[in-house]
Amino acid sequence: ALLLLKEVKSRTLHKKVIKMDEYIRNKKGEGGFSLIELMITIAIMSTIFYMVANTLYQKESRENEIYNAARDLGTYIQQYRMKTINENQCYLFSFSGSRAVPVTDSYSIYLNSACDGDVATSTLVTTVNLSSYSFNVIFGSIGSSGNTNDGISNNSFYIKPRGFLNTGTAVAIYFTSMHDYTNRLTEYQVRVRVDQLTGRVKLNKFRDETWSHSSST
């Protein structure tokens, strides 16, 4: 009885849909659309909306990963600057960038007891591989004219016991994605700037052809 009732309801619904479609078709001469045409239109619009939303989501996610990588470096620099002061030791940061896929860009932190900047005689503390971030985050900078560089002003620097850098000038490390770097897109990149005297770390975002105001880590 239940199966018979379901079959009757299904047939009734099918007949209603057919009648509705016939009604719409009869109205088509007055500028209307058939039910099938309406459904196809909705399906096409839904696909377009999905493609646009997915593109925006991918862009925002890529930018978040670039910022996260830059922020993490800034946090490490601040953390080891405090260790340098408290322990009266030097800590050295060394950078390696190839700007290739798969991503091999990385930076390492060393205990540099001799305070001479020599990686060979320093003790490795930790290494951060940019491949651990999504969207192929790399070191790199894209200029307004589309020119590119490795985005690393100093391949290495160390923090002295009083908290300032050995470089004599500020250090700047740029982060972008392989997608943006390869296509020479200047839409978004993040700069980590370290003041040589104070060791203060500032993050700047590049968007819409301008650098944002600094934010400290």
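A disulfide is a pair of cysteine sulfur atoms within 2.5 Å. With that in hand, let us look at some close-up views of this predicted model.

**Figure 1. Cys90 and Cys115 are joined by a disulfide.**
The structure holds 1 disulfide, and this view shows its two partners. The sulfur atoms of Cys90 and Cys115 are 1.9 Å apart, which means that the pair falls within the 2.5 Å cut-off. The torsion about the S-S bond is about 100 degrees, so the disulfide of Cys90 and Cys115 is right-handed. Where do the two cysteines lie? Cys90 is found in the loop between α2 (35–87) and β1 (91–96), while Cys115 belongs to the loop between β2 (106–111) and β3 (123–129), so the pair ties together parts that are 25 residues apart in sequence. Is Cys90 buried or exposed? Cys90 is buried, with a relative accessibility of 0%. Its partner Cys115 is partly exposed, at 26% relative accessible area.

**Figure 2. Glu63 and Lys59 meet in a salt bridge on helix α2.**
How many salt bridges does the structure hold? There are 4 salt bridges in the structure, and here we visit one of them. The side chains of Glu63 and Lys59 come together with 2.8 Å from N to O. Both residues sit in helix α2, 4 residues apart, a separation of about one helical turn. Take a moment to compare how the two partners are covered. Glu63 is buried, at 9% relative accessibility, whereas Lys59 is partly exposed, at 31%.

**Figure 3. Glu87 and Lys83 form another salt bridge in helix α2.**
In this salt bridge, the closest N and O atoms of Glu87 and Lys83 are 3.0 Å apart. How many residues apart are Glu87 and Lys83 in helix α2? They are 4 residues apart, which is about one turn of the helix. Glu87 is partly exposed, with a relative accessibility of 37%. Lys83 is partly exposed as well, at 27%.

**Figure 4. Arg71 and Asp72 make a salt bridge with their side chains.**
From N to O, the distance between Arg71 and Asp72 is 3.6 Å. Arg71 is partly exposed, at 34% relative accessibility. Asp72 is also partly exposed, with 23% relative accessible area.

**Figure 5. Phe95 takes part in aromatic pairs with Phe139 and Phe157.**
A search of the whole structure turns up 9 aromatic pairs. One of them joins Phe95 and Phe139 edge-to-face: the ring centres are 5.8 Å apart, and the planes make an angle of 80 degrees. Phe95 belongs to strand β1 and Phe139 to strand β4 (residues 137–139), so this pair ties together parts that are 44 residues apart in sequence. Both Phe95 and Phe139 are buried. Now turn to the pair of Phe95 and Phe157. Their ring centres are 6.0 Å apart and their planes lie at 25 degrees, so this pair is stacked. Again, distant parts of the chain are linked: Phe95 is in strand β1 and Phe157 in strand β7 (residues 156–159), 62 residues apart. Relative accessibility is 6% for Phe95, which counts as buried, and Phe157 is buried with a value of 1%. Which residues belong to the cluster linked by ring pairs? Its members are Tyr76, Tyr80, Tyr91, Phe93, Phe95, Tyr107, Phe139, Phe157 and Phe175.

**Figure 6. Lys205 lies over the face of Tyr67.**
Look for the aromatic ring of Tyr67 and the side chain of Lys205. Lys205 is placed 4.7 Å from the ring centre of Tyr67.

**Figure 7. Arg200 sits in the loop between β9 (188–194) and β10 (201–207).**
Arg200 is partly exposed, with a relative accessibility of 44%. Although Arg200 and Arg81 are 119 residues apart along the chain, their C-alpha atoms are separated by 9.2 Å.

**Figure 8. A nonpolar patch on the surface includes Ile44.**
Which residues form this nonpolar patch? The patch is made of Ile36, Ile40, Ile44, Ile48, Val52 and Leu56. Together they have about 560 Å² of accessible area. Ile44 is located in helix α2 and is partly exposed, with a relative accessible area of 48%.

Note on methods: Residues numbered from 1 in each chain as written. Predicted model: local features only at pLDDT ≥ 70, side-chain atom pairs only at ≥ 80, totals over all residues. Heavy atoms only, no water. Buried < 20%, exposed > 50% of the residue type's maximum accessible area, 1.4 Å probe, protein only. Phe/Tyr/Trp six-rings, centres within 6.5 Å; stacked < 30°, edge-to-face > 60°. Lys NZ or Arg CZ within 6 Å of the ring centre and 35° of its normal. Patch = residues over 30% accessible without salt bridge, like charges linked within 9 Å, V, L, I, M, F, W, Y side chains within 5 Å. Areas by Shrake-Rupley, 256 points an atom, 1.4 Å probe, with all protein chains shown as cover.
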